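Here are a few exercises to work through with the model open beside you. Try each task yourself, then read the solution.

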Amino acid sequence: MTKPALTYQQQLRYSRHIMLPKLDIEGQEKIWQSHALIVGLGGLGCPVAQYLAASGVGTLTLVDNDVVDATNLQRQVLYKQTDVGCLKTHAAKAQLNSLNDEIDIHTIDVFLDKKSKLDELLKNIDIVIDCSDNLTTRNVLNTACYKTKTPLVSGAAIRMEGQVACFTMQENSHCYECLSQFMSDQTQSCSESGVLSPIVGLIGSIQATEALKMLAGLPSGLSEHLLLVDGLSMEFNRFKITKNSHCATCR
């Protein structure tokens, strides 16, 4: 659903975006008219949701079927101690509404899998930000996004490391499975391996940056590369992603 154009007060609110020559009011209007789907409201999803809400993405759909646990509070910065035991989607929506009550927020409290009606859901989505924590979900999202030509921003983090890549999902482009076929699902979770709190904030912030650029019509610097971040050495490395002619999804 198309939203009314930005009001004068909204232009003041987002003026620091509008002042950016490459963004300007046209880019902010595109952001305001956009609908972003955030899958996973853990360490990555929290900063992604905060920055997209604060930046004026007009509609957010939040997906997570988990509840807030005390161990989440170390890094999942949307939640308060009083949220322990509550559904993450409900707690996140309350916090985001207090940050920006002008945007529309929808919640989905079920686990997304192959049986989910993702194709139907993605009809009204402009971009998907994958903040999930397992390879199976990432591949399911990738398949649906490629089928519907919905751009995808993928991120992952554990210990002191993380990665981000973006996929335009246009004809003849590569997809996440071109990359993930060389990966195995993580055998250990954050509860077993640990994760440094700011690392998920760093990776989530990069995801949010790329998502906003793509929504505003700006090119993503990670649409052809995988960015690897080593928080211990503070090294950033980029690797070219090439299309796999034998990929089960995009061949």
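For the first exercise you need a way to sort residues: Ala, Val, Leu, Ile, Met, Phe, Trp, Tyr, Cys and Pro count as nonpolar, Asp, Glu, Lys and Arg as charged, and the others, Gly among them, as polar. Keep in mind that this is a predicted model.

**Exercise 1. Find the largest cavity, and sort its lining by class.**

Step 1: Count the cavities. There is 1 cavity of 30 Å³ or more, and the volume of the largest is about 30 Å³.

Step 2: List the lining. S154, G155, Q163, V164, A165, Y176, L179 and L226 line the largest cavity.

Step 3: Sort them. You should get 5 nonpolar residues, 3 polar ones and no charged ones.

Step 4: Place them on the fold. β5 (152-158), β6 (161-167) and α8 (176-180) each give at least two residues to this lining. With 3 residues, β6 has the largest share.

**Exercise 2. Work out how many disulfides the model has, and look at C145 and C166.**

Step 1: Recall the bond. A disulfide is a covalent bond between the sulfur atoms of two cysteines.

Step 2: Apply the cut-off. The two sulfur atoms must be within 2.5 Å, and the count here is 0 disulfides.

Step 3: Check C145. Its nearest cysteine sulfur belongs to C175 and is 10 Å away, and C145 is in no disulfide. C145 is also buried, with a relative accessible area of 0%.

Step 4: Check C166. For this one, the nearest cysteine sulfur is that of C131, 12 Å away, and again C166 is in no disulfide. C166 is buried too, its relative accessible area being 0%.

**Exercise 3. Decide whether helix α4 is mostly covered or mostly open, and say what its buried residues pack against.**

Step 1: Count. In α4 (residues 45-54), 7 of the 10 residues are buried, so the helix is mostly covered, with buried meaning under 20% relative accessible area.

Step 2: Name them. The buried ones are G45, C46, P47, V48, A49, L52 and A53.

Step 3: Find the partners. These residues pack against β1 (35-39), β2 (59-63), α5 (88-99), β4 (127-130) and α10 (197-215).

Step 4: Look just past the helix. G56 follows α4 and has a positive phi, near 90°.

**Exercise 4. Why can the whole chain be called as compact as a globular protein of its length?**

Step 1: Take stock. The chain has 10 helices and 8 strands.

Step 2: Compare. Its radius of gyration is 17 Å, close to the 18 Å that the globule rule gives for 251 residues, so the chain is as compact as a globular protein of that length.

Step 3: Add the burial. Of the 251 residues, 50% count as buried.

Conventions:
Residues numbered from 1 in each chain as written. Predicted model: local features only at pLDDT ≥ 70, side-chain atom pairs only at ≥ 80, totals over all residues. Heavy atoms only, no water. 1 Å grid on protein atoms, 1.4 Å probe; cavity = no way out; pocket = protein on both sides within 12 Å on 5 of 7 lines; lining within 4 Å. Points joined across faces, edges and corners; volume = space filled by probe spheres on them. Helix = DSSP H or I, 4+ residues; strand = E, 2+ residues; numbered from the N terminus. Buried < 20%, exposed > 50% of the residue type's maximum accessible area, 1.4 Å probe, protein only. Contact = heavy atoms within 4.5 Å. Rg over C-alpha atoms; globule rule 2.2 N^0.38 Å.
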